[in-house]
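Visitor: I'd like to zoom in on a single part of this protein and really understand how it is put together. Please take me through it slowly.

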Amino acid sequence: MFLAMDTVFDQCSIAVLDASGQVISSHTETGKRQQTQQILPMIDAALSESQLKLADVQALIFNRGPGAFSGIRINTAVVQALSVAHDLPCVGVSSLQAIAQRAYQQYGLTHVYSALDARMQQVYFGQYGIQDNESSDQPSNHAVMQPVLVNEEESTEQLLDYDSQTVLNIPIVGNGAPLLTVHDGQICYEDVWPDATVIGQLGIAQFIASGGTDAAHALPKYLRNQAWKTLKEQGKT
């Protein structure tokens, strides 16, 4: 069994899934004001509903970002603490990949740009697609939207300024889509919003392919490296 969590998408979302990606328990509370109070009781409730203990969990899966700093910090800290306390491996999943995966499940899209509003006149941005050896006819929890790489190691995840235009005329998904300049006929789906189930399904595929990591290496990905500093520390007033 796998325990997945997300506090990055302005929600507190917890899911317990089996190794095939089937949901055993899933709960989501929208809004971000109470995440620190919600997350541990929701984990306890999901495990209890699934008749499991943390010792029965194979790996902890979390949304590593990019996204809201406070949300990334909350689920990363919880995963690290549970990992150390119970000697469990961790799997971090990209928020942008989760948006792409949800777009595949929701709309059947197999090649997209993910765009998440990063505020400060920018969006978090990446390109994803179903690989040639994966059939789009597979069940939605099996086929995986993989990052399109700039080279063998570098993903396309980056910050883009508002009103930027994409290179390709393919769908843009996520709440950052309407903030970009689109090509004629380019489709945007801004209502794509993943939960912990999607995070979990991606994490399971990643765990099967390459395993997990320990708590010390369960690290967030911010893209905007100065975002955690105060305005004064950033040299702003």
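Which residue in strand 3 stands opposite Ala15?

Guide: That would be Ser26. Before we go on, a bit of housekeeping: this is a predicted model, where local features need pLDDT of at least 70 and side-chain atom pairs count only at pLDDT 80 or more, while totals for chains, interfaces and linings use all residues. Residues are numbered from 1 along each chain as its sequence is written, and side-chain values use heavy atoms, with hydrogens and water left out.

Now, your part of the protein. Ala15 sits in strand 2, which covers residues 11-17. Helices (H or I, at least four residues) and strands (E, at least two) are DSSP runs, numbered from the N terminus. Seven of the seven residues in strand 2 are buried, where buried means under 20% relative accessible area, exposed over 50%, and partly exposed in between, with a 1.4 Å probe and protein chains only. Look at which way they point: Gln11, Ser13, Ala15 and Leu17 go one way, Cys12, Ile14 and Val16 go the other, and all are buried.

Strand 2 has a partner in strand 3, residues 23-30, and the two run antiparallel with seven bridges joining them. Two strands pair if DSSP finds at least two bridges between them. Besides the Ala15 match, Ile14 has His27 as its bridge partner in strand 3. The two strands form a hairpin with five residues between them, and Gly21 in the turn has a positive phi of about 90°.

Strand 2 also pairs with strand 1 (residues 2-6), again antiparallel, this time through five bridges. Here Leu3 has Val16 as its bridge partner in strand 2. This hairpin has four residues between the strands, and Asp10 takes a positive phi near 50°.

Asp10 leads us to a helix residue, Gly71. The C-alpha atoms of Gly71 and Asp10 are 7.4 Å apart, though their positions lie 61 residues apart in sequence. Gly71 belongs to helix 2, residues 69-86, and counts as buried because its relative accessible area is 1%. Leaving aside residues up to four places away in sequence, Gly71 touches Thr7, Val8 and Gln35; contact means heavy atoms within 4.5 Å.

For contrast, try Tyr189 in strand 11, residues 188-189. With a relative accessible area of 21%, Tyr189 is partly exposed. Its C-alpha is 4.7 Å from that of Val173, 16 residues away along the chain. Val173 is also among the residues that Tyr189 touches, along with Tyr107, Leu109, Ile172 and Gly174, again skipping residues up to four places away.

Now let's step back to the whole protein. It has four helices and 11 strands, and 47% of its 237 residues count as buried. Of the contacts with a separation of 6 or more, 66% are between residues 24 or more positions apart. The C-alpha atoms fill a box of roughly 50 × 50 × 35 Å along the principal axes. A compact globule of 237 residues would have a radius of gyration near 18 Å, so the 17 Å of this protein agrees. That radius is taken over C-alpha atoms, and the globule rule is 2.2 Å times the number of residues to the power 0.38.
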